[in-house]
Structures are given as C-alpha cells and as structure tokens.
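Me: I want to go through a model with you and test the terms used for it. Give me the reasoning, not just the labels.

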Amino acid sequence: MSELAVHSAHPPGFAHQFETVEQQREAGHLGMWIFLATEILFFGGMFTAYVVYRSLHLPSFILGSHELLVRFGATNTAVLICSSLTMALAIRTAQTGGSKGTIIFWLLATMVLGAAFLGIKLRYEWYRDWVEGLIPGVSWLGGGTHTPGVKMFMCFYFFMTGLHALHMVVGLGILTVLVIMTARNRFSPEYYAPLEISGLYWHFVDIVWIFLFPLLYLIGGRYPGS
Amino acid sequence: MTEHQARDYHPPHIVPVGTYVLVFLALMVGTAVTTWVAYIDLGAWNTVAALTIAVCKMFLVVLFFMHVKYSKGLTRIVIIGAFFWLAIMITLTCSDELTRHWEIVPQGWSAGALHIARLLFKGTV
Amino acid sequence: MSTAIADIHDAPAEPAVNYLNASYGIRSWLLTFDHKRIGLLYLASITVMFVVGGVAATLMRLHLVEPQGALFEPETYNKMFSTHGIIMVFFFLVPSIPATLGNFLIPLMIGARDVAFPKLNLMSWYIFITGAALALYGTISGGVDTGWTFYPPFSSLYSGTHVVAVALGIFIAGFSSILTGLNFLVTIHKMRAPGMTWFRLPLFIWALYATSLIFVLGTPVIAITLFLLGLERLLHVGIFDPAVGGDPLLFQHLFWFYSHPAVYIMILPGMGVISELVTAFSRKKIFGYSFVAFSSLSIAVISFIVWGHHMFVTGQSVYAGLVFSVLSFLVAIPSAVKVFNWTATLYRGSISYEAPMLYALGFIGLFTIGGLTGLFLASLATDVHLNGTYFIVAHFHYIMVGGAVMAYLGGIHFWWPKISGRMYPDMWARISAAIIFLGFNLTFFPQFMLGYLGMPRRYAVYPAEFQVLNVLSSAGASILGIGYVIPIIYLAWSMRYGPVAGPNPWKAKGLEWTIPSPPPTENFEEIPIVTEEAYNYPAIEAHDYPDAPGVARV
Amino acid sequence: MIDLPTAFQLLAATVPFQPPAASSISGDVDRLYLLLSGITAFFTVLIFSIIFVFMVKFRRRKDDETPVSTHTPLIVELTWTIIPSLICAVLFVWSAALYVQNGRPPASSTEIFVIGKQWMWHLQHPEGPREINELHVPVGVPIKLTMTSQDVIHDFYVPAFRIKKDVLPGRFTSLWFQATETGTYHLFCAQYCGTNHSEMIGWVYVMTPTDYANWLAGGEKSESLAQLGERLFSQYGCDSCHVAEGNGQAPSLVGVYGKPERLQNGETRVVDESLIEQAILTPNSVHLPNYKPVMPTYQGQIDQDQMLQLIAYVKSLGSEERNGR
C-alpha cells in the first residue's frame, strides 16, 4: 500500500481509516454532497405540499403572497448572494495559501451578511407579521381577506422560511467553528476540507432561498389586479 | 481506494476571482430581473419566468460557487439523482391530487378484457 | 485474498488482542469509534426494542383468542398494536441488518479499516437511542393509539395520546438512518481495497448500497412529514385538516413516499444476507451475479414509484390508481429474478445444512409466498376487497418476519463466529430455526384466510365466525415466541462457553473470513489486494468431471 | 362415522374459506382472486419442490468434495425475467379492466347518503328513512352511496359485495353496488378510526323488492331528503336571493347540478356535492362572476344532516330540470 498509510507521518487532519489524503478529501466531499441530496428531499417534501396546495387554492395563495413585502425579500436575496461570494472567496484564499487574517476576514464577512439576513427577516418581516396577526397558530387575527386559504399560505410561508432560517443559524454556528479553526492555523493549501464542505452547505442554503423568494413572494404576480 | 490510487494527485481547480465576481454580478442581475418581471402582467408566464430565472441562478451557484463545473461525474450524479427523486415525488403526488375530478368511463378494452376473463374462468366461481 | 488463505491455518485460533478485549469498561464501548463495536451497540439496542415489540405482539395475539377480546379494553389494544408497529418498523426492522451486520461487515468485506466517518457512525447510534428512548417514553407513559401510520386527522386532531413524543422519536431516529446511509455510501464508494472493483463486491454490499440509497433519499421525507404533523398537532394550523382546506391524503402520499421504500430497507439487506448464505453453504459461485446485483438497485429505484398502491381505496384519484397499479407490478420482476437465481445457485452445489442455511432456505420459501401475495394487492380489483384486512397483515409479515427477520437471524448465526469468536450449539440453532418456520406459518397463514373472509385489521373485538382462524394464529404466535427466545439464550451462552471458532469455520469465501475471529481493532494488518471475484469457490468444469477425482456428483 | 363430504361441510361450517358473494361484481373479483391464488400456489410449490430436490440430490457427502461449476446462460435469466413480466401484464390488464368497468355507478342508481362518525354509521335514504349501523336495500337495484365523514377517516366495507372505500371528512366519496342475493351481510369500518374502531360495524339487509317496500312503508312516515332540504332552503332565506327564475341577487340553482361553472377566480368546476358544500360554508372561495359577493358563510350553523338535505334539494332541482318540467 502507499507510504502515506504509515501512521506516524500524519498530515494535519488526517484520519487513521484512510490510506491517502486525497481519499479522505474525496470522501468528505462526497459525504457532504450526499447530505445535500437528503436536504433537497427534506425541503422537497415541503415544496411538494406547497405545489399541491397552491394548485388547489390558487386565489388564496395569490392573496396570501400579497401580504409579503417584496422589497425585503429581494434585499435578503441580494444579501445572501453577497454572502455566497464572500464564502467562495474565503475558500479560495485558503486554497491559494492566503494569510490567516484574510480567510478570517471573508468568513466574518459571510457571518455578518448571514446575520443581516436573519435580522431583516426577524425585524421587518416576521415581527410585522406578528403585530398584524398573520402568524397561524401563534397570532392569527383572521377575518376580512384572511380566509382559511390565506392561512394555509401563511403556514407554508412560516414553515419554509422558518426551516430555512434554522439552516442559516446552523450555518452561522459552523462558520464560528471555522473562524476558530482558522485562527488556530488548522488550514493550509493542502488541507482545507472543512472550509470547502461547509462552503457547499452555505451555498446550498443560498439556493434554497433563491427558490423560496420567487415561490413565496413573486409568482402570484405583483401587477395591479392580479 | 480503487480509482484514485491509479491516478496522480491533482490539486483542485482554483477558480479565478474574476469568475466569482462575474457570477456574483449575474446573480444580482437575475434577482433584479425576477423582481421586475413580477410586476408585469404575463398571466401564467409570470410563474414560468420566475422559476426559469431561479433555475438559472441555481445553475450558476452550483457550477461555479460549488465547483461542480470542475468536479467529478459522481458529484453530478448525486445532484441529478436528488432532483430526479424530487421530481418523482412531486409528479406522482400531483398525479393524484390534480386528477381527483376526472371521472372514470368504461372503455372498449376493459369490457373486452373482462369478457375474455369471464369466458376463460366460466363456472369456477 | 488468495494469499491470505494460507495464513489462516497459521493464525492463532483466537488472537490475543481483538476488538472485544482491546480495551475494557463501559466507557470504552460508549466512546468507541470502531465500526465493529458500534455494530454491537446497535445489536444490543435493537434486541431490546425487538423484545418490547414482541411482547406487545404476543399480548395482542392472546387478546384475540376470544372474539370479544380476552385481555384488554379496546383502548389498550389500540395502543398495543400501535406500539408493536412503531417499535418493530422504525426501531427494529429498519436498523436491524444495516446497522448491526452492515456496520460490522462493510469495512471487513471491502477491505477497509473502518467506515469513512467513524465519529459520525457513533453519533448515529446516539441519535438512534435518543429517538428510541423518546418513542419508548411515549409508548410506556400512556401510549399512542394512532397505529404506526399516523393518519390525520385522527392523529392530528382527535387522538388524545402521546403522538408528538413518539413522532419526535421517529423524526430523530430518522437522522440516524440518514447518517448511516450516507456513511455506507461513501464507504462503499471510497474505501474499497485495491482490486475490489464493483463487480467483485459481495452481493451483501450491493444490497446495502441499494438500502443506503433508500435511507438517504426516503428518510428526509418522513422526517419533514412527521414534522408537519407535529406542528399541526401543536398549533392546529390546518395543514392536514380538511375543514380549512387541508388534504389528509397529502399526508398519506408523503408518508408512503418513505414508508413504502422502507419495506425495501427491511428486505434488501435480507436479500444480501441470503446471497452470502446460499453461496457459502453450497460452496458455489452465485448464479447470475450481475442480475442479482442489479436487481437490488432496480428494486431500490422502483420502490419509490409504487407508493400509491397503499391508497387505492383511500379516495385517491382513479387515474393515479391505475398508474400506481402498473408500476407496482414492476417490482415483482427483480424480486422474482432474485428467487430464481438463489434456487439455481443450489444446482450441483455441495450443500450442507447448518443453521444459517436453514434460515436461508426458510427465507426463500416465505419470501416467495410473501412476494406472490403482493400481486393480489397490486391488482386493483382484488386490492379493493383485501386492503385494510388481515390479508395485508399476513402479506407484510411474510415479507418482514418471514423475510427480513429470518435473514437477520440467518446472518447473525452465520457471522456469530466472526463477531464473538465462538461457536453456538448447532443442534439447538437448527431446532429453533425449525420452530420459527413452523410457528411463523401457523401464525400468519390463517391471516390470509381471515383477510379474504373480510376481517378488518386493527380490530380489538371481532365477529365470532372468525374465531377458529384467530385461535390458530394465536397458537402459532406462542410457538413463534418460543422460537425467538431460544437463540437469545444459546447465543448468550456461547459467548462464554462456546468452542473457539477459528477464522473461517464455514470455509467460506470473502475478506472477512481471511482475518482472525474476533477481528483485531484495525481489521487488517495490511490492506489486502483483491485479485478474484466474489464467491470464487473451487469448482470443476462440467466437461472434466467424469475423470476428475473428488467430484461431488452430477 | 361420517363420510368425507360431510366432514368437509362440517369443517367449512366452522372455518369458512370464502366470504358470501352477494353483489354483481363479486363473481368477477373472485375469479381474479382464484387466478392469483393459482399463480401463488404454482410458484410456491415449484420453488419449494426444486429446493427440496436440490437439497437431497446435492447434499454434501464429504467435507472436501468439489462441486461442478454451472455457468449463467443469458437465455435462462431472460426466461425468468420475461415470464413473470408477462404474467404481471396479464394481471394488470385484467384487474384494471375490472376496476374501470365498475368505476362508475349506473345512471339509474338509487342514491343513499352515508355519514361516518366516531363510531357509528349514519345512513340516509332518499325517501326519508334514516338508519344507524343498518342498511336496508332491495335486491337487484344499483345503489350509489355518497359518503362523507364528520370527524376522522373511516372506511365503508361490505366484504360480501367486495366493495370498500374510505369515507373522508370535508369531501364526498362514492361507492356503488348491486346486490344479487338476499340476506344479511357484515358492514365494517376498515380504516382505523380510534378507540371503538372495531365496534363501528353493522349489517346490510338485502331484501326482495316487496319486503323492501314493506319496510319503507313500515317505518315512521317522514318527508324525503329533498323535501326537508327545500324547507331548510326557505328557512335560512336562501330562496330570497337564489330565485328560481334567475332574476335575484344570486344565481338560480335550477339545473346547475352536474354542470361546469366558471368561477370568479378563473377556475372551472363541475357543480358536485363538494362544490355545493363549499359554496354554503365558504361562499367567497367559489364566487361566481357577475354577482356581488354578498352571501354570508354558514360555517358552524349547518350540521352534516342539514347539509345533505340541502344538497339533495339542489340535486332535485337539477333532475327536475332535466326531466323537462
């Protein structure tokens, strides 16, 4: 077998069950992609339910989507795209052997943008919904145009954005760990797998939002009379 | 340990910063366009436009930010597989949910098949 | 692989240091990253769950000896069958072969030192027991009465029992399945020894690969579905409540999107075990290796497009019914291919009848019946009559108990010498295999008849005309119960008193038999280089045989 | 001493092998069942006997014997792939044919309403009589059951008729049968519905037309469903807007049943039981263009029985129209 298998000459972060560094890197990579596949199906269950109920209650779902504020949805989309860029740059810095300070800078930038997303969501959207009684099961006023169908839409809005926000929170936790690992000089151009696979996760969360934004905010049509 | 051993170690592809910035700009433009289009009355095409733009944005993120353009076939199979399974779930669920109002009408083939069955098993039950 | 054969005879019968005695104490087990020890942790935990589910089943059968119910109020009976279903499906059958034998054997069979992510593997076990503990808490502290299917609006709005705790338990245990499946997929892709190509893999590995696909693609959906159910129950938002526009059938779609493939999570690893047993005890190469391998994959894929046959009478649209019916028939074909190939493997073999082989042959017979009775349920017109009756109960027990549990026991008996390093008394094992086979058939065959007669399932009391068949079934269940207790006793006994097994007591092929029993912590002193196909037993070409010495016979 | 046939009869009396067959489709279903049983028995016996023969013939005689190798001819694999496929194809076509042929009740069916609730069956004849856990029907007449549930999912199952269908809350499902033998048959709930699920059972009495007429006449005199519905219609003031001539504030309901209507939101829906119920409970969700959305909701004011009466009334308006009044 290869010389790398000799257990004394461990590169940093090398685990005993592997024979080569590349084998380990590929395993981690594949593992994260399979995890993301399960995430697609996890969100997919909810998307399926959304598609079905949207077809069954189309007018109510359009009414419901008009309760959402496009300007905050669009802003948050932009914020998340920025955070994906900073994440990609953090990984690139590690790949090319950039300084520890630069990596940490990009990671912190990603965290700030992620937190901004959550802040906007909480302060300008969910808080307002709470005040206006638009949260089914928690504060729901009903009446007027707030028919059962609209309530159903708002349920999906909160389930889907809530689950997405939960993933963001987990992502922020992961980023915190990455910052600490970077500060402790754990990464090098040879070994930066944790950065890379966390990046995959972060971009995935971004993609989920790329779909949530049109599905929840836009596709009812925003033109007058829709 | 089978495939990689035979090959030499090749370092992962490093994407130029310029590519990242271009992709980023394209994503921003996509966001603006999708928002703008929503305010134009296109009827059912509003939905089509919004989802098409979303799919394009997804491709950009997956191919460049997530490096799939530079990775092995296996990664692509995983992604395609996941979306294929999602498609199965949505399609077959909708095959029920959206056809509940369809009525069933006896057909020539069904009457014929049943007739043959009765002849073949005459007197058994 | 071939060079290792010679070493076996020189190797000490029981290595001085192995994975079992490498370290001692509870801590060394609870914090282990060794896939073999994690396999045993699962073995212990699912045995506990099997006992709980089994006790519930026994009490149910006792209750049904009398038409008006011999033991409980209907309420208690309902909790009993719900407990039985939930525990057996989610906490015994789903993890049974993959998490115990799979964990133990995958690295050994492919020539790796461990699975790809050992820490994740241990975490999966902790997640599993957390989920199991919650489910047990729910079922013991008041129970749950929804059945294992949790259909709303009963489960969401009407049941007054511990639905949320149990659903949360299943939700949590689901992540254990996902992570285990992920770990196995990466291990099989990336950790194979040099020369271990895809078509040299043992068929057990193919089967677990297919199973892992279902784990990662199906389990997330049941997780999100139970999550929605829990929210609906807690907040009454109306997701599945028809009064405010929800559709209870949508729950059923999402539920069966996972739960039908879950049936194949249970049976596919069993099929893998049977391929190993049949070849080992007839000392023959498997008949049609690639057909058996690809039938595992095609079963995994087809399993995801047939779920609607659970819903033919639930108000699903008639067109969806037709679509799901034709798709359901598809799954019969790869299953039939497997049965024929196993049978053909026996042809001109050198067959011996140690206990594992008896389980394997029992599996083939019972799985055949279970599979064929599935045709009744894929056929729309007969399904309308049989759906929701004891026919269904009998059918899926033939698959899950006659199939999956027989294979599980066969596998445990086959690899027990490798796991423990000791042999069990073979005569007792054969006796218990025979008792289980007889008891099983007596329990479940009358249920086919009950179903055709029209007795609905989940009935705490029933019309008197069904009593005779019910009594037969209950009598069978008590025999079956005894059959299950015997192995627990002699396997435990053998760990201390059984004769030392040696590395390869069955003279079987496969990398796991080239290393000492019990294996050392790192499995292989040196990673082996594989140069031959699986099941490469010595055989004589047919045209040579009349003159060849030592030939079996025609 | 008893002879063999008597012994079988005695056995069959204690352990029945076949449920009574008493509807127009039970013969067809049983024939398919018989074929399936035959296929199952054939393959089970085949596999068991092959295994048994191999077990004996190829048993290991010496521990070091070497078996003769067998190869895998493609033709063998193809044979046992194709034959099961063909059998499955035949089974699918036959079962689907049976399902499609019997998918729709004949136009001449008598309609009976079924309400499932924890844990009883509530049945409502068009002529007025109501029954609980009992259903009296005449032999030889096609009966259409229009079913809904007040609470959870139930399932209406009459084994002797080989029919079964879930009964769902918030939706109407239908089922039909034509009894061919007089007698008394089990009615079961076949979808688990809570504590007393196993006591949600009853009997179907299939009677000769004369007996049935007597039974109808013997019961308490009551108005028909549609008549009761008509009374409710004026009691709730529906008739002040839904004027029959069509010049009121709301559309006329004469002849609408079974016809497609284009709704305000652009959807086109056929007016069926579900739509009528939806229109009464949440009028705005199925609002018609050209009318003001002024109808109040009757959610919580109208119970399931009254709903069925109103539906029967609206349906009777349709049929009278078609009869060319």
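Reply: Agreed. Note that the model is predicted. The contact between chains D and C takes 71 residues from chain D and 80 residues from chain C.

Me: Which elements of chain D supply the side that touches chain C?

Reply: Those with at least two residues there are helices H2 (26-57) and H3 (74-101) and strands E6 (154-158), E7 (163-167) and E9 (183-189). H2(D) gives the most, with 14 residues.

Me: What makes up that side of chain D: how many residues are nonpolar, polar and charged?

Reply: The side divides into 38 nonpolar, 20 polar and 13 charged residues. Gly counts as polar in that split.

Me: Why is the sheet in chain D called open?

Reply: Its five strands run in the order E4-E10-E9-E6-E7, with mixed pairing. E4 (134-138) and E7 of chain D each have a single partner strand, so one side of each lacks a neighbour in the sheet. Those two strands are therefore the edges. From one strand to the next, the twist averages 20 degrees.

Me: How do you know that E9(D) and E10(D) pair?

Reply: Pairing needs at least two bridges. Five bridges join E9(D) to E10(D), residues 202-207, so the pair qualifies. The two run antiparallel.

Me: Which residue of E10(D) is the bridge partner of His186(D)?

Reply: Trp203(D) is the partner.

Me: What lies across E4 and E10 of chain D?

Reply: Helix H4 of chain D, residues 209-218. H4(D) runs at about 130 degrees to E4(D).

Technical notes. Residues are numbered from 1 along each chain as its sequence is written. Chains are lettered from A and ligands numbered from 1 in the order in which they are written. This is a predicted model: local features need pLDDT of at least 70, side-chain atom pairs count only at pLDDT 80 or more; totals for chains, interfaces and linings use all residues. Two residues are in contact if their C-beta atoms, placed from the backbone, lie within 7 Å. Helices (H or I, at least four residues) and strands (E, at least two) are DSSP runs, numbered from the N terminus. Axes are lines fitted to C-alpha atoms, for helices over the stretch in contact, and angles run from 0 to 180 degrees between N-to-C directions.
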